[in-house]
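Please take a moment to look over the sequence and the model before reading on. The paragraphs below go through a few places one after another, and each can be followed in the display.

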Amino acid sequence: MTSSKIEIPGELKSDPAALMASLQLMPSPVPNPEIQYTKLFINNEWHNSVSGKVFPAHNPATGEQICEVQEADKADVDKAVQAARLAFSLGSVWRRMDASERGRLLSKLADLVERDSVYLATLESLNSGKPFLPTLFVDLQGTIKTLRYFAGYADKIHGTSIPMDGEYLTFTRFEPIGVCGQIIPWNFPLMMTAWKLGPAIACGNTVVLKPAEQTPLTCLHIAALIKEAGFPPGVINILPGFGPTAGAAIASHMGIDKVAFTGSTEVGKLIQEAAGKSNLKRVTLELGGKSPNIIFADADMDLAVEQAHQGVFFNAGQCCTAGSRIFVEESIYDEFVRRSVERAKRRIVGSPFDPTTEQGPQISREQQNRVLGFIQSGISEGAKMECGGKAVGLKGFFVEPTVFSNVRDDMLIAREEIFGPVQLIMKFKTTEEVIERANNTDYGLVAAVFTNNINKAMTITTAMQAGTVWINCFNALSTQCPFGGYKMSGNGRELGESGLKEYSEVKTITMKLVAKNS
């Protein structure tokens, strides 16, 4: 589950006829996909919103409306929480279900996602602007693998016996937390759904999940598959809606025991505050980043240029992991900038359904304007714009791949998360200097280093204040590996065995014995 592009063999790149023949063998998107689900999913049933409100879902590649979706707010959250609490009550079908059966249901859901993968990739591309082929081969595969990974863990979550002093038998038991509120972002809707649902369900919790208002469509199709898989009513409830209404209601709800959020640091602070002011619910947050990517002179230049390019421009730069602060050793700086500009100019921006497209649109006009505003800020503060910098096309929300050199650490573009296709290349002289500069940020999600010197690599990785550090690679993510940030990049971890701990309470049980024997 990595962000690497779909690799086309060199002989095909140089032979247009062979390339076109190869692309003909690739899976094709579903033409004019039918939008089947636009209502709220509560208690395994489809509901209109209590208020009767709807909101539009758009295609960011054209700006056109796709359909209207029911808009959840506080009253709908109340209904969903009631259903989730009933499903979690003692003696319910869900609470009495064998852990292995929970795993079977998750595995069945993964099978159904795999069955519908081409349709889901088409819908994801239509609603989010992500290119179809990477969505099918990266996002869908990541979604399926995550569900299967946690399905396998469902009956392997267990406590230990403890040799307590005295005449006692003591053991621990891992129990589900209860009703979990989950709020996911628009940049990876399907994968974030799986990242949230997988560990929560494996541990035996029930869920009220809110997809981003920009991208609700694939999550609602997942809801239909949840029912088809056989999950009991109320175990998973999905409510499309807006952050200030539905999201805020989830974060402050007294009937929700834990909230998990992926999104901006600004909103993450509001969610943690709401959780504290309500019932002190458990909180995990996966927030923003301004991640350093450090390139030493002894690195493989071709590898470093391509990985740095993908590390920033993948998903149109709309990644919390984006390696947007690239620090390049002084002796190779000019060459690295030159090659990076050449690569950015070759990047193909276009329709998500064109198989040659590398980069689709930004998610919305608002996000497009925000990115263009950062670009203008970089120019006005004195950075050198090497290429790009403009909106692309008459329709949709596209931005040219943009490269800046001569960037200072105090510039706005070097401090704030841009969330767009903007690469910043900075110069460094010494290892000590680059460590200090790389860590001089409020964020700490990921970092990377490119070098052929193992001592340099380990010096950097141990010094970085980041939850994940990559050596000679970027965005190498996998469901088996814990993911999360230091500092203002969040609290807790997702994925891997560590992700299960965020959805469990540990109970210590001690029983008095008449006599104890070792």
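Is Ser504 buried or exposed? The model is a predicted one, and in it Ser504 counts as buried because its relative accessibility is 13%, which is under the 20% that serves as the cut-off for that word. Ser504 belongs to strand β22, which covers residues 504–512. Leaving aside residues up to four places away in sequence, Ser504 touches Phe174, Glu175, Ile177 and Cys203. A polar atom of the Ser504 side chain also lies 3.2 Å from the backbone oxygen of Leu500. Lys427, by contrast, is 77 residues from Ser504 in sequence, and the C-alpha atoms of these two residues are 45 Å apart in space.

From Ser504 one can move on to the sheet that contains its strand. Strand β22 is part of an open sheet of three strands, in the order β5-β6-β22, in which the pairing is antiparallel. The edges of this sheet are β5 (161–162) and β22, each of which pairs on one side only. Between strand β6 (residues 168–176) and β22, which run antiparallel, there are nine bridges, and a reader who wishes to find the pairing in the display may start at Leu169, whose bridge partner in β22 is Met511.

At the other edge of the sheet, Ile162 has its place in strand β5. With a relative accessibility of 38%, Ile162 counts as partly exposed, and together with Met164 and Tyr168 it forms a nonpolar patch on the surface, the accessible area of the three coming to about 230 Å².

A second strand pairing offers a view of a strand with cover on both faces. Strand β12 (residues 292–295) pairs with β13 in the parallel sense, over four bridges, and within this pairing Ile294 stands opposite Phe327 in β13. Strand β13 (residues 325–329) is largely enclosed by the rest of the structure, because five of its five residues are buried. In a regular strand the side chains alternate between the two faces of the sheet. In β13 both faces are covered, since the buried residues include Arg325, Phe327 and Glu329 on one side and Ile326 and Val328 on the other.

The charged side chains come next. How many salt bridges does a search of the whole structure find? The search finds 28 salt bridges, and two of those described here involve Arg115. In one, the side chain of Arg115 meets that of Asp116, with 2.8 Å from N to O; in the other, the side chain of Arg115 meets that of Glu228, with 2.7 Å from N to O. Glu228 lies in helix α9 (residues 217–229) and Arg115 in helix α5 (residues 99–115), so this pair ties together parts that are 113 residues apart in sequence. As for their surroundings, Asp116 is buried, with a relative accessible area of 14%, whereas Arg115 counts as partly exposed at 49% relative accessibility, and Glu228 is partly exposed as well, with a relative accessible area of 41%.

Another salt bridge joins Arg408 and Asp410, whose closest N and O atoms are 3.1 Å apart. Arg408 counts as partly exposed at 42% relative accessibility, and Asp410 counts as partly exposed at 47%. Elsewhere, Asp302, Glu335, Arg338, Arg339 and Glu342 are joined into one network by salt bridges that share partners.

Two residues remain to be visited for their backbone angles. Phe419 is not a glycine, and yet it has a positive phi of about 60 degrees. Phe419 is found in the loop between α15 (412–415) and β18 (422–428), and at 16% relative accessibility it counts as buried. Lys487, which is likewise not a glycine, has a positive phi of about 50 degrees. The place of Lys487 is the loop between β20 (468–471) and β21 (490–491), and with a relative accessibility of 36% Lys487 counts as partly exposed.

Technical notes
Residues numbered from 1 in each chain as written. Predicted model: local features only at pLDDT ≥ 70, side-chain atom pairs only at ≥ 80, totals over all residues. Heavy atoms only, no water. Helix = DSSP H or I, 4+ residues; strand = E, 2+ residues; numbered from the N terminus. Buried < 20%, exposed > 50% of the residue type's maximum accessible area, 1.4 Å probe, protein only. Contact = heavy atoms within 4.5 Å. Polar contact = N/O pair within 3.5 Å; in protein donor to acceptor, adjacent residues only side chain to side chain. Pairing = 2+ DSSP bridges. Patch = residues over 30% accessible without salt bridge, like charges linked within 9 Å, V, L, I, M, F, W, Y side chains within 5 Å. Areas by Shrake-Rupley, 256 points an atom, 1.4 Å probe, with all protein chains shown as cover. Salt bridge = Lys/Arg side-chain N within 4 Å of Asp/Glu carboxyl O.
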